Each structure stands twice: as structure tokens, then as C-alpha cells.
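Student: Could you pick one part of this model for a close look, strand by strand and residue by residue? I would enjoy one long, connected answer that then moves on to other parts of the chain.

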Amino acid sequence: MKKRRIQTILIASLLILNTACSAQSVSPTESEDGREASSSSQTSENSSSVSSKPENIHTITVDFSKRAGAPLVKKFGFFNSGLVSLERTEQDIPAIDSLSAESLRVELGMGRSDMIFHDLVTGSTDTMQYNWGDIDRFAGLLTSRGVLPYFAYGYCPYPLQITGEDSRSQPSDLKKWQEILRTISSHFKDQGIRIGYHEIWNEPDCNDVFYTGSWEEYCDLYAYGARGIREGDPEAVVGGPSTAWVMSPGNRYKDFLSYVRENNLPLDFFSMHRYGTDSLQKIESVRQELENAGKYFETTAIHVNELNIDTAPWNYGEICDQYEMAPAIFRTIDQLVAQNDVEVISWAQFLESGVDALGVIDEAGHKKAAYNAFAIYARMPIDRCSLSSSTPLVSGMASADGQRACALVWNDDFNLQEVSLSLENLPFSSGTLTLYRIDEENASFGNNAGEELLPVETIEFADTEDLSWSGKLPPEAVVYIEVNGGRGESSLEYASPEGACILRQEHYYPTRGESNYAYFDETTWTARLGSGETQNAHSVVGVLAESLPDTIQVSFDIEGEPEKQGKNSLLGLRVDFATENGYEKSVLFHGGIYDKNRESPLPWGADGIPMQAEERELSDFSIDLSKYAPKNWNGKTLLIFEMQDCGENVSVRVSLR
């Protein structure tokens, strides 16, 4: 069987490596009565034991007391081809519960007989019939699990197909196309079901595979569709162009963005696809197009809503089915969490479509190594911690919160590596250490190594001082260590102000591709702002919500030393109150870093500086919304988390309850 490996090229791989083997060792401290904590693992070559380190061992050090780098936000979701039936989706959707999926993108497949919602719209242009049953079931399957539906509105509905053409064709009547999308978005708004993202078509630039119209015709298609969606739901998040050929766009992106700007159309996100290992290069090309197109697009996020590191033909039994996919996924995550304007990544695919090996779950419902990689990432707390490696051959990520501390390492080389992993300054003093592996012998169904992510070693400890692990890391293998024992708050468990409902998020990218960031985690109602290595970073994210309680509790957790750099310096939470006539009042709560003469307006919310500013002790304070709201407040509130010009290496976590 041919096995393809997608491997990062490392200069260090040219070195002659001494890979002499030794037994693994986990070294807990002694318990209070002087006895060493014991392992629950069975005795074997890989069982835990205290041993001396080989001379060529690589040292990995994790310091859980230091935040470092972009947080491990759960902005990863999945893509499902429209070829996957509703029945298979219902059967296998429970498996998504362990993946912390932000969203699930699906091609609706209107007008294409082999796709999931082909008959969503039937009848004629004069008497269109909407068949809501299946799509309502689908949306319910996702929203009941906290997963946002991500609808790609393709292809041409049956009533709009010209005789002799098919679902790939331009709709015969663009006003009717607008009506269809308006009806769909209005239907879900009326049902109280939030569709996370609305995307116009799928890969209109992929020759004539999915669309036979010209690029100019697609621009018209987008205009009518986007207007229809916003007419049905004014808060809908709308985007496109769902591009396939990021490699050689010619003038297509420039022309599309010019068309959007000139016609005053919404473009909340620019969507692109990438199969291969060069996604960063392709993201940068899209980023440049958005920057060149001007300030109109400073609120446009980038969505990589079909992503896989493998390239066609995606054969069964190769990389998509093998354990080598796991480190490739972690390399990709490590790269993309640091891209401050990439808000959504949809891995291709969640379920196999039946035509290739793409999918973290196969047609029979078996979980692949890729599934287990995303399951590991879902378990890792969001706040990233310092991890240093003595070799470029071994990479990793670490994170912690009050309940859990995690260290993930993977072998970037084709040779076995010996590793010593030191866990310093854990946030709790006792607990349980559990070790998992993804390799040729563990958690890889495609390698006949089981499909479940099961513990390989478990150790209870009474003291965290000098807690470490040393052992073997086979070629392209993964080791994940999870330490549980805290009594504090988890960054992963659901928490929100009582009754609150999110309508949409707002984003702003005055500078793209820098090391600063601004994210809002909808699961825990926590905003994370960071300046990175940027002295004058502007990190801001907004959340439009309704049904908030009368009083909300706010807490700022600040790491680093925020300092006022100038009159635009700010760290705070702003509350903008909406009325039927727009935002009429805004109130800013800050901790002292604020200047009433600041000149840094935002592209959304109330115009200009806030009408009212109050200094508070940011560590913990409450806001009585009814005290500040105007009389004609409609109940919708835009919460704006903002940090600007506060110096380097400042990270802020803001929690609302």
C-alpha cells in the first residue's frame, strides 16, 4: 500500500541523529508519607519507570505560570459535503460533541438531485414551495450541541433552472434568487434559530465544476443573494466568494471587492479554500487583496472554510486515514491560531462523503486519527502557556486553566526522538497525570490501532514539584499529557449571563497579520485581547446580544503591564445600546487607561467617543444595564472589548456573567 507523508521540511533533519532507545519514565514527586506515586499502567517496554536520561535526549520545558502566544481559541469547525445524507448526519453527529466545533459548514445543494437539501425549494417561479422539514432537523441537530450552522447557498434551485441547464447555472431570475435567500434567512430568524454564517455559492471559480456563469455574473449573484439574506435577517453574517483558486486569482478578487464596495454590499467574511500545506501563503494573498481594497473591508474577516493539508485525489488508505495526519493537524492549528484576522477554519471534512478519504469519521462511523487530534485540541484549555524545545525536530503546545494543565508534543521528523518533558509551575498541587498517544500503535483506526483515544499511562501525584515525563516519540507521533486536579474555573465549560442570546460578532482589523489578537468565546462568554509584540496594537471585538439580565458581572484578568502610550490608549469594556433608529447611547467602563480626547472611532456601534465614561476597578465590577439604557432601548446591546496602545506583551481575559 502506498503511504504518502506530508512533512514539514526541517534543516535539522539533515543532522545525523542518534536515536538510541530507552524506557519511558514519568517522574512524580513523593507523596506526603515518602512513597512515590504509582502508575496504573501495565508493565511493558513503555511502562513508567524512573531512569537516567540518554545523552541525546531532547528537553521540552513547559511553564504553566506564563501565558505565551495566541490563545488556543476554538475557532476550528468542520465542512460537510452536501453529498452526505441527513440520515448519516443524524447517525454520526453525536461524535462532534467531543470536538468543540465552532461551526459546521454544509453545501445546501439546492437543485442538485444527489445533495442533502436539493428539494428545499421546488415548484415554479410563480408558486415556489419551501420544504422546511429536513433543513430544520439539520439545524436543530447542530444548535442543540452549540454548533453554529454554516450554510453555503448553492446551487441553482429547481424553479430557477433554465431548460437544458442544471444546478451549476446562473439563476434565471436574480430577483427570485434574492427572494429565496430572504425567505430562508427570515424563516430561521422567525424560528429563533441562529444561522452562524451565510455564504453565497461554493467555488464559483472552480472552472465549471460548480458554476457555469462568468465571474461578472457571480458578482451579480452575490449582490442579490447578500441583499436577500440581510432583508430576511438584518443581523445575518454574510460572505463569499468561496474561492477555490487562491493560487492564481488574476483580477477576480480585486474586481469582486470593488463591486462590493461600489454597490455598498455587506461582506462580513471573505471565504477561501485550501488543500495543501501552504495555507499561510494563500491567506496572505487574500489579506493583501483586502488591505489594498481599502478601509471598507477593515471589518471583513477571513474564513478558510475548506481546509486540509492533503491534496487530491485523497485516496483511501493514505495520509487522511493514517496517524501521520495528527501532527499535520497540530502544525496547522499552531499556525492558524496566530492569524488574527482568520476567524473561522472549517476542516474538510467531518464525515466522509463516499467519494474520497476526506473526513475525520469514515462511512462506517469509525473515528480516524484526525478525529482524535481534534478531540485533543478540544480538551486543551484556551490560555496558552510557555513551551520551549531544545530541538526543531519536536514541536508542541501547552495550556492551562484552574482545572486542567496540558502539554502536547509531536515529532516533526522521520526518526524516533527521545524526549524529556518538564512540567513547571502547575496551577494546582495534586491530581492525576494521564498520557495519550497517537501513533502507529495507538488511536489510529487506519493503522489497525483502535479508534478511541485511550490513556496509555495514568499517575496520581501529591506534589507537582519537578513533575516530568521522559520517553520515546516515534516518527511523526503525538504524545499528549493532561494533568487534572484543579478546583478552579474551567475555560471550557459553558457559562454565560442568564438568558443572554448572541446575535452576531463584530470584528475590526486596522492592521492584519500582526501578533495582536481579539477573540470572543461564545461558550464561556469570555473575551481575550492581546497586544503580542506590537507596541501600539488595536485589539477589539464586539458582541451583539439581546435578553441580557438587568445586571451583568464583569471581571478583567490582566497579564503584563498595560501602560498609556498616548491619547488613544484604552483598556476597557464599552456598552452601546441599540434602538429602532440605531445606536443612541454608549457607556465606557475603564480602569484608568483612557483619555476623553481620544480619536479612534470604531466602524460599528455608536459614532464617536462614548457619551459617558466611568472608571472602575476592572478586576471585578457590575453593570446595571437599566441604569444606563435610553428609554427607547430595544433590548439589543453591543458589548465592545477594546485594548489600544497599551504596550507590548499584554494579555487580557474578560469574563461576563
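Tutor: Happy to. Two strands count as paired here if DSSP finds at least two bridges between them. Please keep in mind that this is a predicted model. With that rule in hand, let us begin at one edge of a sheet: strand S21 is joined to strand S24 (residues 538-546) by six bridges, and the two run antiparallel. To fix the register, take Ile502, whose bridge partner in S24 is Ala545.

Now widen the view. S21 and S24 belong to an open sheet of six strands, in the order S21-S24-S30-S26-S27-S28, with mixed pairing. The edges are taken by S21 (501-507) and S28 (612-615); each has a single partner strand, so one side of each is left without a neighbour in the sheet. On average, neighbouring strands here are turned by 20 degrees against each other, direction ignored.

Strand S30 deserves the slowest look. What encloses it? Nine of the nine residues of S30 (residues 636-644) are buried, so the strand is largely enclosed by the rest of the structure. Its side chains split into two sets: Lys636, Leu638, Ile640, Glu642 and Gln644 point one way, while Thr637, Leu639, Phe641 and Met643 point the other way, and all of them are buried. The first set thus includes Lys636 and Glu642, both buried.

S30 has pairing on each side in the strand order. With S24 it shares nine bridges, and the two strands run antiparallel; in this pairing, Val540 stands opposite Glu642. With strand S26 (residues 570-579), S30 pairs over eight bridges, again in the antiparallel sense. Here Val575 has Leu639 in S30 as its bridge partner. Glu642 and Leu639 belong to the two sets that point opposite ways from S30.

There is another open sheet to set beside this one. Five strands form it in the order S22-S23-S31-S25-S29, and the pairing is antiparallel. S22 (517-521) and S29 (621-624) stand at its edges with a single partner strand each, so one side of each lacks a neighbour in the sheet. Inside this order, strand S23 (residues 526-530) and strand S31 (residues 651-656) pair antiparallel over five bridges, and Leu529 has Val652 in S31 as its bridge partner.

Earlier in the chain, strand S7 makes a good parallel case. S7 (residues 148-153) is mostly covered, with six of its six residues buried. Leu148, Tyr150 and Ala152 point one way from it, and Pro149, Phe151 and Tyr153 the other way. S7 pairs in the parallel sense with strand S4 (residues 103-107) over five bridges, and with strand S8 (residues 197-200) over four bridges, also parallel. Phe151 is a handy marker for both pairings: Val106 stands opposite Phe151, and the bridge partner of Phe151 in S8 is His198. From S7 the chain crosses to S8 through helix H3 (residues 174-191), and this β-α-β crossover is right-handed. On the way, the loop between S7 and H3 holds Tyr155, and the peptide bond from Gly154 to Tyr155 is cis, with omega near 10 degrees.

H3 also leads us to helix H4 (residues 215-232). The two helices pack at an angle of about 30 degrees, with their axes 7 Å apart, and their crossing is right-handed. Among the residues that meet are Leu174, Trp177 and Leu181 in H3, and Leu221, Tyr224 and Ile229 in H4. The contact divides into six nonpolar, six polar and six charged residues.

Between S8 and H4 lies a loop that contains Asn207. Its phi is near 50 degrees, a positive value in a residue other than glycine, and at 59% relative accessibility Asn207 counts as exposed.

H4 takes us on to helix H5 (residues 252-262), where the buried residues include Tyr253, Phe256, Leu257 and Val260. The buried residues of H5 pack against H4, strand S9 (238-243), strand S10 (269-275) and helix H6 (279-292). Asn264 follows in the loop between H5 and S10, with a positive phi near 55 degrees. At 61% relative accessibility, Asn264 counts as exposed.

Methods
Residues numbered from 1 in each chain as written. Predicted model: local features only at pLDDT ≥ 70, side-chain atom pairs only at ≥ 80, totals over all residues. Heavy atoms only, no water. Buried < 20%, exposed > 50% of the residue type's maximum accessible area, 1.4 Å probe, protein only. Right-handed = clockwise from strand over helix to strand, strands pointing away. Axes fitted to C-alpha atoms, helices over the stretch in contact; angles between N-to-C directions. Left-handed = near helix turned anticlockwise from the far one by under 90°. Contact = heavy atoms within 4.5 Å. Nonpolar A, V, L, I, M, F, W, Y, C, P; charged D, E, K, R; others polar.
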